[in-house]
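I'm opening a fresh page for this one. My plan is to look things up one at a time and jot down what I find.

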Amino acid sequence: MSVEKRAAFESPAVLVAPQPEPSMMRRPVATTFGAVLVVLRVLAGVVWLISLAVLWRKTLIEDLGVPLDSDLEADAGSNAVLAVVLVVGGIVLAVELVFALLIFRGSNWARITVMIFATLSITGSAFDYFGTDTEITLRTTLITLALDILVLLALSSRNARTYARRRKQ
Amino acid sequence: MGEVGAEASGDPIGGAPVDEAPTPVERRRRISFNALLDGFFFVYAGIAAVWLAWLVFTESFAFGWFGILFFVAFWLVLAYLVLPRLHRILTTIYVPDYFIGRARTSDGLLGDPVNLAFDGDEASLHAAMARAGWTRADDVTGASSWRIISSTITRRSYDEAPVSPLFLFGRQQDFAYQQEVAGNPAKRHHVRFWHTPDGWLLPGGRRVDWLAAGTFDRAVGFSLFTLQITHKIDADIDIERDHIVDTVIAANPEARVDLLADFSTGYHSRNGGGDTISTDGDLPVVDVGAVQAAPAAGETEVAR
């Protein structure tokens, strides 16, 4: 390290430079783990969107009985709906990815927001499971439910909470 | 130092002066709402984890022989997610948060008994322990965790291996010292140190600078309460206590011992892992204040 004379003003580059970790606390494993789980949740969403796009026509024709082959108007309409679903889903997943980054950086409001959505998702699954005899197995929604619960566990832990609420410089 | 404070004790972290600007009323309301929300998520996640464990358990019957993998997953979820969280919630309610002569585990369970006290500043204490042949334990970090795994696989020794966090005064231990037992990673001597708060007195009115909990790990096994894999400690904790005092006294002629007899009179109980412990209840107070801090590093090198 070279020792130079310090400028009389603070460099604005400091403002845009990555913040150093606070000396008070290292990033706990729970925070890192929570952010990674949110990323996994996004990947699960990507897989779901791809499978939806692939199976879209098949589902509409065979399960719902929409005559796509004979009805050109319905065909165009279904493609438009699919495009909208994919775009909206993509935006939601992109936002979730940003939240994962914010959590990793130690943002408290991002942590709370993700926990609220995880809670809503878990509660919805619970109503399905206990109310309407929907089975939750590995082949249906166990993976996404497990990810939601793990995200909630990791982000609500005391370490993750303390880190998100630490004094920011 | 993240594991500070318990939920029911009014959240000492949030209660500490965080910002400088807002008025007390504003700050209080904002923090209590945050704490309320966090408390809700904490408990809700615990309940959801129980459900997850149940789902994984039932799933383990659906996959034939692969079900064994699910059963392992069930144990992992139960031992490392569900039970710690439930213990944390329940012990917050019923385990007192003042000094009762016991450290607490990160789950809030009663941990190793406090069986040693020290007087003297931190540098003297480090010097005394180093001279007595003790090795300071690393903090738990990603790097040290990785080194535990790699040294286990390659069967190399790792004498600065970190010790698990135990809590006293709502704080993790300030540092820990240990001695390896030749060629056996399952066994080790170790002692954790906490600096006492300013002006804090032991029950009975004695002022000490440091409290310490020394136990001997005799094997690796299942914890009774959390089903986790952990070290089992030797039941007679007095042997380890006397070992620590003897080594410190032998290596540091300046050190003095003052015995508080029957401090925790002969109680026999369990530690956080469910191991039996028994003790005669004496609390030795070792005064290391006269130990010179500076030449310690050089001397230990020579001693080896």
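Below are my entries, in the order I looked things up.

**Confidence first.** I reminded myself that this is a predicted model. For the complex, the predictor gives an ipTM of 0.74 and a pTM of 0.73. Then I turned to chain B, where the pLDDT averages 78 and 82% of the residues score at least 70. Which elements of chain B sit at the two ends of the scale? I found helix α1(B), residues 12–15, with the lowest mean pLDDT, 39, and strand β3(B) with the highest, 92.

**The weak stretches.** I noted that residues 1–31 of chain B stay under 50 in pLDDT. Even so, the model has 44 contacts beyond four places in sequence for that stretch. Residues 296–304 of chain B are also below 50, and there I found seven contacts beyond near neighbours in sequence.

**Chain B in outline.** I counted seven helices and 14 strands in chain B. Of its 304 residues, 37% are buried. I also looked at contacts between residues at least 6 apart in sequence: in chain B, 61% of them join residues at least 24 apart.

**A helix in chain A.** Next I picked α5(A), residues 142–156, and checked its length. At 1.5 Å a residue, its 15 residues should span 21 Å, and the end C-alpha atoms are 21 Å apart, so the two agree. Is this helix mostly covered or mostly open? Mostly covered: twelve of the 15 residues are buried. The buried ones run from Leu145(A) to Ser156(A), and they include Asp148(A) as well as Ile149(A), Val151(A) and Leu152(A).

**The largest core.** I followed those residues inward and landed in the largest nonpolar core, which has 40 residues. Ile149(A), Val151(A) and Leu152(A) are among those with the most contacts inside it, as are Val114(A), Ala49(B), Leu52(B) and Val77(B). I then listed the elements that give it two or more residues: α2, α3, α4, α5 and α6 of chain A, together with α2 and α3 of chain B. Which element gives the largest share? That is α5(A), with ten residues.

I zoomed in on Val151(A) for a moment. Leaving out residues up to four places away in sequence, I see it touching Gly34(A), Leu37(A), Val38(A), Arg41(A), Val114(A) and Ala118(A).

**Another core.** Apart from the largest core lies another, of 39 residues. I wrote down a few of its members: Ala161(B), Ala212(B), Ile244(B) and Val285(B).

**Around β14(B).** Val285(B) sent me to strand β14(B), residues 283–287, where four of the five residues are buried. I looked for its partners. With β3(B), residues 116–119, it pairs in the parallel sense over three bridges, and Ala117(B) is bridged to Val285(B). With β11(B), residues 256–260, it runs antiparallel, joined by five bridges. There, Leu259(B) has Pro284(B) as its bridge partner.

A reminder to myself: strands of a sheet pair through backbone hydrogen bonds, either parallel or antiparallel.

**A four-strand sheet.** Last, I traced an open sheet in chain B with the order β2-β1-β5-β6 and antiparallel pairing. Which strands lie at its edges? They are β2(B), residues 110–113, and β6(B), residues 171–172, each pairing on one side only. Inside the sheet, two bridges join β1(B), residues 102–105, to β5(B), residues 166–168. I noted Thr105(B) with Leu166(B) as a bridge pair.

Notes: Residues are numbered from 1 along each chain as its sequence is written. Chains are lettered from A and ligands numbered from 1 in the order in which they are written. This is a predicted model: local features need pLDDT of at least 70, side-chain atom pairs count only at pLDDT 80 or more; totals for chains, interfaces and linings use all residues. The expected span of a helix is 1.5 Å times one less than its number of residues. A residue is buried if 20 or more other C-beta atoms lie within 10 Å of its own, exposed if 12 or fewer, and partly exposed in between; C-beta atoms are placed from the backbone. Two strands pair if DSSP finds at least two bridges between them. A nonpolar core is a set of buried Ala, Val, Leu, Ile, Met, Phe, Trp, Tyr and Cys residues joined through C-beta atoms within 7 Å. Two residues are in contact if their C-beta atoms, placed from the backbone, lie within 7 Å. pLDDT is the predictor's confidence in each residue, from 0 to 100.
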